[in-house]
Amino acid sequence: RHRVQACLWGSACSGAAYDKGAAMTAQARRRFLFLQGPHGSYFARLGGALSALGHAVFRINLCGGDWLDWPEPAVDYRGTLHNWPVFFDDFIVDHEITDVVLFGDCRPHHSSAHGMAKIRGLRVHVLEEGYIRPDYVTLEEGGVNGHPVPSSFQRRASETIRHLAATLLMAPAYPFYRTHRPHSALVEAAGWGMWSATRNHERIRSKRTLDAILPERDKHPIFLAPLQLNSDYQLRVHSPFRDMRAALRFIIKSFAQTAPAHSRLLVKRHPLDNGLVAWRRLTRALARHYDVEDRVFYISDGDIAMLLPHVSGAVMVNSTVGTLALNQGVPVAVLGHAVYDVAGVVHRGALDDFWANPPAPDADLWAAVRRVFVNR
């Protein structure tokens with residue numbers, strides 16, 4: 001928490017010890033405006049910590065999920081996206097805001113707010129899923145990617161469901177709000193319901209698949225393709241693909257045409273996928289289309305960290321799974337823009353050339369890059 005506070009105060013955030021009293025003197029009485037954060041209590045707790053240190057803290061809610069996540073007094077914006085820039089500018093001027101804190105800088109409301117805040121000379125602090133997994137949330141001034149709370153899937157899924165439920169139930173109070181995600185809260189809730197009903201069955205199917213292919217990995221090397229969420233702006237903005245379906249087609253096509261005949265491809269569902277895309281069916285259809293149905297496999301359940309030691313390489317758009325793979329010395333190919341796309345760390349040529357000769361990451365170089373990410 002103190003490291004995040006130091007970053008928000010404008011300290012070097014270099015990992016070196018800092019003088020808490022001096023930092024407060026230099027940056028006292030700043031006025032923070034929080035917009036949308038990760039689902040759950042993280043932003044509320046961070047805002048409470050800054051308030052306890054004497055800073056003024058404000059919040060604008062855009063939907064019912066935001067209202068649920070922020071128990072303290074806040075302003076509810078119920079207008080249109082078209083009118084949002086004027087409302088936001090009036091708010092930051094009237095309340096003399098000095099700093100804006102938001103999660104993800106590509107959401108429509110956030111992108112607009114980011115631009116208006118820069119015009120006014122405010123500092124914008126952007127948080128995003130951690131570059132370094134596990135255990136990190138990334139905080140940067142000005143933007144993330146192309147532009148620390150312990151992880152728990154059970155907690156994260158629960159907070160996501162609560163956020164969606166509140167957004168759905170309180171929709172009349174925010175009539176013009178449109179989520180940055182591809183589907184409405186109602187549709188997403190239906191998808192999660194269907195997924196919950198089949199999860200135990202899918203877990204059994206996934207275990208059966210892994211039990212069949214992992215023991216043969218020495219004879220049939222396995223390449224892992226971890227899926228990203230269609231709602232992930234790192235996919236939609238920082239890659240040539242509009243959604244994960246297009247990326248999956250590209251990966252399977254390349255594998256079918258150029259990978260060694262004895263190799264296998266394992267496609268894995270994202271653990272927070274809402275179930276609205278039939279990924280198993282799509283994977284099988286693409287494998288059948290490219291005549292590699294006997295070499296392409298799909299699992300919807302499984303610990304990615306436990307899988308990585310068993311694979312010969314991993315292919316992804318720009319998922320932070322890449323840093324997990326690199327931590328374990330697994331060769332990585334990326335198809336989009338990723339901060340860890342560094343020569344000597346990942347494969348930088350055509351994907352077609354990756355399958356036959358996946359280059360192992362330079363361990364010393366990756367360790368240095370990782371220290372920079374953690375440090376800065």
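This is a short talk on a few strands, one helix and some salt bridges in the structure above.

Okay, so keep in mind that what you're looking at is a predicted model.

Let's begin with strand 1, residues 31-34, which pairs with strand 2, residues 56-61, in the parallel sense over four bridges. If you want a spot to click on, Phe-34 sits opposite Arg-59 in strand 2. Between those two strands comes helix 3, residues 42-52, and together strand 1, helix 3 and strand 2 make a right-handed β-α-β unit.

Which residues of helix 3 are buried? They are Tyr-42, Phe-43, Ala-44, Leu-46, Gly-47, Ala-49 and Leu-50. Then, just after helix 3, you hit Gly-54, which takes a positive phi of about 105°.

Strand 2 also has a partner in strand 3, residues 75-76: those run parallel, joined by two bridges. There, Asn-61 stands opposite Asp-76 in strand 3.

Asp-76 takes us to the charged pairs. Its side chain meets that of Arg-78 in a salt bridge, 3.6 Å from N to O. Is Arg-78 buried or partly exposed? Arg-78 counts as partly exposed because its relative accessibility is 40%, and Asp-76, at 25%, is partly exposed as well.

The count comes to 11 salt bridges, so here are a couple of others. Asp-243 and Arg-245 meet through their side chains at 3.4 Å, N to O. Asp-341 bridges to Arg-348, with the closest N and O atoms 3.2 Å apart. In that pair, Asp-341 is partly exposed at 24%, while Arg-348 is exposed at 54%. And last, Glu-202, Arg-205 and Arg-280 are joined into one network by salt bridges that share partners.

Terms used. Residues numbered from 1 in each chain as written. Predicted model: local features only at pLDDT ≥ 70, side-chain atom pairs only at ≥ 80, totals over all residues. Heavy atoms only, no water. Pairing = 2+ DSSP bridges. Right-handed = clockwise from strand over helix to strand, strands pointing away. Buried < 20%, exposed > 50% of the residue type's maximum accessible area, 1.4 Å probe, protein only. Salt bridge = Lys/Arg side-chain N within 4 Å of Asp/Glu carboxyl O.
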